[in-house]
Amino acid sequence: MSNRILIVAEHDGAHLNASTAKCVTCAASIPQSEITVAVCAADAAAVAAQAAALQGVAHVISLEHPANAHLLAAVLAPQIAAIAGPFTHVLGPSTTFGKDLMPRVAALLDTAQISDIMAAESATRFRRPIYAGNAIVTVDVDSGSKVVGTVRMASFQPAASGGSAPIEKSAVSAEIPSHTRFVSVSAARSYRPDLQTATRVVSGGRALGSAESFQKTLYGLADKLGAAVGASRAAVDAGYAPNELQVGQTGKIIAPELYVAIGISGAIQHLTGIKDARTIVAINKDGEAPIFEVADIGLVGDLFQIIPELERLLG
Amino acid sequence: MKRILIGIKRVVDYNVRIRVKPDGSGVVTDGVKMSINPFDEIALEEALRIKERAAAEEVIVASIGPADCQQQLRTCLAMGADRALHVQAEGVVEPLVAARALLKLVEREQPFLVILGKQAIDDDNSQTGQMLAALWQRPQATFASKLELDGEKARVTREVDAGLETIEVDLPAVITTDLRLNEPRYVKLPDIMKAKKKPLETLTLAALGVEQRQRLKHTRFDPPPQRQKGVKVKDAAELVAALKSKGLL
Ligand SMILES: Cc1cc2nc3c(=O)[nH]c(=O)nc-3n(C[C@H](O)[C@H](O)[C@H](O)COP(=O)(O)OP(=O)(O)OC[C@H]3O[C@@H](n4cnc5c(N)ncnc54)[C@H](O)[C@@H]3O)c2cc1C
Ligand SMILES: Nc1ncnc2c1ncn2[C@@H]1O[C@H](COP(=O)(O)O)[C@@H](O)[C@H]1O
């Protein structure tokens, strides 16, 4: 095999994130690839087993260290750089985890990074979006230099499970810095589907007017549809919705089957986040709103009348 | 002297509709409005507030790029930065080159804090801060929505996919800004006049000893696939019917 690809696993200590399975699909699209997944954790057993079960994965390396209890870029980067030697490609997901970590790895390896890979045309030629997705650039890397990249989540399906790769423990030899310390994470646990992987998403914008109205108007509809909830930047800035719900160029880039944009004007930065949605529905009282230029189904009207009616019809 | 260094990238304004050149050689940038990368404005605003609280003494802005970058640096001086460093460079400046140049400026100026944007909205790379932190062997706190300084440490709240994460870093450190860190101030007219007298030093990559290597070749630019124009429905009932006919309900 001429292309040895190392993927840095994203996980929460117990569960492998679906982003890793998407990286595997991207890696598998590189010709003649042999895929290794690295799991950095305090106790890697459970996550390593899930990585080993992904189809297409040939090896899993677990790097166990107490400092890996939280996935801090400054702590992980030297460990990944230390094992990267034999690999031609080092990939991570283009999630906040991978965006934080991978450039630090690239700099330690003295190599450039290709962010948001949407397609691998060969082992050295990739396509990625720039200018909020308004242009797609083809990037060539000199053959012979290591490729470090992040994988755009909306461009790849997760690899299926059913594999059984061997798991190998590797000693952490890199020096681990103590200058960066985890304090806390506040993640609103929700029974709703995860925004990044949901097949249906209902999103609200500035028009919702308040946090109460955002919840009252959108959450019932989302539940009827079994959808995740998203938001525009304006809705997040105004405090109607938490930051992790922001969809767009500088938020999450998603590719659901169904995206329902409610009271969202459709700024370029928002549209970047939903270009890969299969069907876009827009509900907006302004028939000239740019969201209608990308919507498959548009409904012009007052959301405060339409949404309750829609909920009633959905039973 | 307690200094903060800010990275300022000159980019196509966020309101401009980007078009790909018909021959696929790039995007149209001639005659297009250029601005300070919005995240860098947030970075500068944060530094100015820290200085206004007397937790820093000097705010330095730095930009690597062609002579035109000086326009954006002047705007930064008008916003309140104390001095500007322009590192002259034509052509593509990859994040690793920008990070190496910034490292040289860090070595020269010895800031206790470097604040960059989380991403430049032209190339959408989101790399430079992390690379600088790696090369400098210092902490990074990316995607910051809150920054609290506490002596030799900083506590930073970060916008991550799961929600908000708080980390503590020893200083000096590199911070990259997210949208909700602050709302940048507007430049006042008299300040534009005053800024003309503030120092703006010009350097070159060569003088800093940084090689302008381009490791990634941009061989072709394509417009993104266009979505088909859809249909309009007149009410909620028609919307439900349309969703059903697409097999979505
Ligand atoms: C650097 C940068 C990054 C950005 N990143 C993002 C990003 O990641 N994601 C993002 O979303 N934005 C982003 N933005 C912001 C973006 O430019 C827009 O400002 C934002 O998307 C607007 O949000 P909105 O559509 O909710 O609000 P508005 O543009 O104010 O639109 C509100 C819409 O609601 C409609 N409306 C009002 N009342 C009703 C009603 N009763 N019924 C039906 N419709 C109604 C109006 O007609 C209008 O179209 C970014 C901007 C910058 C500068
Ligand atoms: N040429 C440059 N000059 C100064 N700062 C830069 C330059 N390129 C990137 N930066 C800084 O690094 C941040 C992230 O840029 P990027 O990694 O290109 O997305 C920007 O928001 C700037 O703060």
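Which strands make up the open sheet of four, and in what order do they come? Keep that in mind while you load the model, which is a predicted one.

**Stop 1: the sheet across two chains**

Select β6, β7 and β8 of chain A, then add β12 of chain B. That gives you the answer: the order is β6(A)-β7(A)-β8(A)-β12(B), and the pairing is antiparallel. Now look at the two ends. β6 (119-120) of chain A and β12 (216-222) of chain B are the edge strands, and each has a single partner, so one side of each has no neighbour in the sheet. In general, strands in a sheet pair through backbone hydrogen bonds, parallel or antiparallel.

Next, zoom in on β7 (residues 125-130) and β8 (residues 135-141), both of chain A. Six bridges join this antiparallel pair. For a handy landmark, show A:Arg125 as sticks: opposite it, in β8(A), stands A:Asp140.

**Stop 2: chain B as a whole**

Hide chain A and colour chain B by secondary structure. You should be able to pick out seven helices and 13 strands. If you draw a box along the principal axes, the C-alpha atoms of chain B fill roughly 70 × 45 × 40 Å.

Switch on a surface for chain B. Its accessible area comes to about 11200 Å², and carbon and sulfur atoms account for 50% of that. Of the 249 residues in the chain, 56% are buried. A contact map is worth a look too: among contacts between residues at least 6 apart in sequence, 71% join residues at least 24 apart.

**Stop 3: ligand 2**

Now centre on ligand 2 and select what surrounds it. You'll get 17 residues, and the closest are B:Asp40, B:Ala120, B:Ser126, B:Gln127 and B:Thr128. Sorted by class, this shell holds six nonpolar, nine polar and two charged residues.

Three polar atom pairs deserve a distance label:

- B:Ala120: a polar backbone atom is 2.8 Å from an oxygen atom of ligand 2.
- B:Asn37: here a polar side-chain atom lies 3.0 Å from an oxygen of the ligand.
- B:Ile8: a backbone N or O atom sits 3.5 Å from a nitrogen atom of ligand 2.

Try a surface on the ligand next. On its own, ligand 2 has 480 Å² of accessible area, and the protein covers 98% of it.

To finish, highlight β4 (58-65) and β6 (113-117) of chain B, the elements that give two or more residues to the shell around ligand 2. Which of the elements gives the most to that shell? Click on β4(B): its contribution is three residues, the most from any element.

Definitions and conventions
Residues numbered from 1 in each chain as written. Chains lettered and ligands numbered in written order. Predicted model: local features only at pLDDT ≥ 70, side-chain atom pairs only at ≥ 80, totals over all residues. Heavy atoms only, no water. Near = heavy atom within 4 Å. Polar contact = N/O pair within 3.5 Å; in protein donor to acceptor, adjacent residues only side chain to side chain. Areas by Shrake-Rupley, 256 points an atom, 1.4 Å probe, with all protein chains shown as cover. Nonpolar A, V, L, I, M, F, W, Y, C, P; charged D, E, K, R; others polar. Buried < 20%, exposed > 50% of the residue type's maximum accessible area, 1.4 Å probe, protein only. Contact = heavy atoms within 4.5 Å. Pairing = 2+ DSSP bridges.
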